[in-house]
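Biologist: Please take a close look at the pairing of one strand in this model. Then follow the contacts outward from there, with the cut-offs behind each term.

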Amino acid sequence: MTATTLRPVTNASWWRCDGCGYLLYAKRLARSHGVCPECGHHRRMPAIERLELLLDPGTAEPLDVPYPADDPLGFTDTRPYRERLAEARARSGLAEAAIAARGLIGGVPAMVVAMEFGFLGGSLGAAVGELITVAAETALAERRALVIVAASGGARMQEGAIALMQMAKTSQALLALDEAGLPTVSVITDPTYGGVAASFATLCDVIVAEPGARMGFAGPRVIERTIGEKLPPGFQTAEFLLRHGQIDAITSRNELRPTLRRLLRALAPAQPPRPPAPGHPRPSPSRPPASGCPRPSPVRPCPSGPAAVERPGAVVTEPSRLPAADPYEIVRSARSLDRPTALDYVHRLVDDFEELHGDRLGGDCPATVGGVGTLDGQPLVVIGQQKGHDAAELRERNFGMPVPAGYRKAARLMRLAAKLGIPVLTLVDTGGAYPGVSAEREGQAVAIAENLRLMAGLPVPIVSVVISEGGSGGALGLAVADRVLMLSNAVYSVISPEGCAAILWRDGTAAPRAARALGLDARELLARGVVDAVLPEPDGGAQADIDGTARLLGEVVGATLAELRALPAEELTARRKARFRRIGSQAVTG
């Protein structure tokens, strides 16, 4: 793509408005940038046209990003993933579901990323995560504002946990711009859901949305299917979001460039981009991140960082030492009501534990528990996701599905840890964040996204342990850590096997096949660098010997925290960022 070939050619002469049904002459629709002159409905706009719309004429310089290898899992549902990718590329003319370009907006140097919903639903996979991260790194190096036009159904299921990790990777890229004082603007277009809404799309300084654009963590069909809740009129639309304080403004497409021009002139006065410093060329995905280690194979921990603690029988860091097992049987084991909960471990591990409640904004979350105590005589903050052992406790704990107050309570406790200089331990066990109307109204996606950014830069050690079920962004919201550990019968996935089967196979009975394809078990996740080490469970699972499993967990967490405490805060956060930066960035990811 070059600056002179930004507008695609179409042979269609007429379009029917999706909003009012009015028949429109194609050239008239093009002049209005896809906005119906009769009802104001905003037709979806191709990513290439977005760049042409927003950047000053003649200033666009496409960003060249070498992408990681396709199909990291070798995924096949009713069709091979590689076949779906090839079809999307042929239909869209794009290499992936987002493009980016340098340029000027009202004379202000900017980097603009535009997502393409027509490419596999604009889903967030390793390639899109890499593009957004490199765009942010380039904006940082060249002192440019960053504008992201979001359009997505969420994280890409066919790339499993690799796709899920892109939420953390892109969030920490935006954190770097925050720390450098560079402005970021998000433009929400229809639709923007899932992992995109719960990461970079809602982390920008200013969020504007097109009229009628929908955004949320869980889509309407997911909410209705999961909890059977009736949705209010206009649910999750830009107008709904503005009333509930989740966006700054609603801006018609025809006014978008003038709006961005005013914002960027106020936030970043026009100035020539700074040239790269001598000996420091523009960042490229083929180069290692500036603040971290080289990008190694995902099977190995970062060589410049401290290795995970390993001793025979205690913790496993080599995938070959883990026995192969049926992934769906592991899913069923992870969901067993007999398995130890977060509080079961806390009461066995943490001395002088005092639970703390509330997000200080008007809510508490029964599915999120947290407090302070000591481990091996050292103070720490501990946060967990709590399910239960019977139907009554599950209902009381909202089935382990956190609401926004839970993520904000966790954030409050993590800020307390940073203030006092003490480490954080998180125990992950959720099928996913709560997909209800109240949660969407209170900003579920924003709450998760803010935790991703907060944890990326928290200046104290963080250890996360997936103790049973790590469900999508709901789990990741507590798992951006220096060390991510996992029990051997736990799972960690971008989506549940049942959800994946319903969407891709259109058959709920295909859940076992989906579990195998998603690579959600400890052996696969360790091989791909998503987790750093696995704690073996006894025969019969952790529930067969809760005290013994808790002792092992305490030993490993204690030793890991002792190792991490020795690092200066700057080195600690740099290594944490490098850990997530490299996931999905290699030329070969599997």
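Modeller: The answer starts with one strand and its partners, then turns to salt bridges, a helix pair and a second strand.

The model is predicted, so local features need pLDDT of at least 70 and side-chain atom pairs count only at pLDDT 80 or more, while totals for chains, interfaces and linings use all residues. Residues are numbered from 1 along each chain as its sequence is written, and side-chain values use heavy atoms, with hydrogens and water left out.

The strand chosen is S13 (378-385). Helices (H or I, at least four residues) and strands (E, at least two) are DSSP runs numbered from the N terminus. Six of the eight residues of S13 are buried, so the rest of the structure largely encloses this strand. Buried stands for under 20% relative accessible area, exposed for over 50% and partly exposed for values in between, with a 1.4 Å probe and protein chains only.

S13 has a partner in strand S12 (residues 368-375), and the two run antiparallel with eight bridges between them. Strands are taken to pair if DSSP finds at least two bridges between them. Within this pairing, Gly371 is opposite Val382 of S13. The connection between S12 and S13 is a hairpin with two residues between the strands. In that turn, Asp376 has a positive phi of about 55°.

S13 also pairs with S14, here in the parallel sense and over four bridges. Ile383 has Thr426 of S14 as its bridge partner.

S14 leads on to the charged contacts. Asp429 and Lys387 form a salt bridge through their side chains, at 3.3 Å from N to O. Asp429 belongs to strand S14 (residues 424-430), whereas Lys387 is in the loop between S13 and helix H12 (391-396); the two are 42 residues apart, and the pair links distant parts of the chain. Asp429 and Lys387 are both buried. Through shared partners, salt bridges connect Arg335, Lys387, Asp429, Glu469 and Glu498 in one network. The criterion for a salt bridge is a side-chain nitrogen of Lys or Arg within 4 Å of a carboxyl oxygen of Asp or Glu.

The structure has 33 salt bridges. One of them joins Asp77 to Arg84, whose closest N and O atoms are 2.5 Å apart. Asp77 counts as buried at 4% relative accessibility, and Arg84 is buried with a relative accessible area of 18%.

Another salt bridge brings together the side chains of Asp178 and Arg453, at 3.1 Å from N to O. Asp178 is in helix H5 (residues 160-180) and Arg453 in helix H15 (residues 444-457), so this pair ties together parts that lie 275 residues apart in sequence. Asp178 counts as partly exposed, at 26% relative accessibility.

H5 also packs on helix H21 (residues 569-581), at an angle of about 135° and with the axes 8 Å apart. Axes are lines fitted to C-alpha atoms, for helices over the stretch in contact, and angles between N-to-C directions run from 0 to 180 degrees. H5 and H21 are therefore oblique to each other: under 35 degrees counts as roughly parallel, over 145 as roughly antiparallel, 65 to 115 as roughly perpendicular and the rest as oblique. The crossing of H5 and H21 is left-handed, a term for a near helix turned anticlockwise from the far one by less than a right angle.

The second strand to set beside S13 is S4 (residues 98-105), where seven of the eight residues are buried. S4 runs antiparallel to strand S3 (residues 61-62), and two bridges join them. Glu61 is opposite Arg102 of S4. Ala100 lies in S4 and is buried, with a relative accessible area of 3%. Ala100 is 38 residues from Pro62 in sequence, yet their C-alpha atoms are 6.0 Å apart in space.

S4 also pairs with strand S5 (residues 108-115), in the antiparallel sense and over eight bridges. Ile105 has Val108 of S5 as its bridge partner. S4 and S5 form a hairpin with two residues between them, and Gly106 in the turn has a positive phi of about 60°.

A last item is the cysteines. The structure has zero disulfides, a disulfide being a pair of cysteine sulfur atoms within 2.5 Å. Cys365 counts as buried at 3% relative accessibility, and Cys500 counts as buried at 0%.
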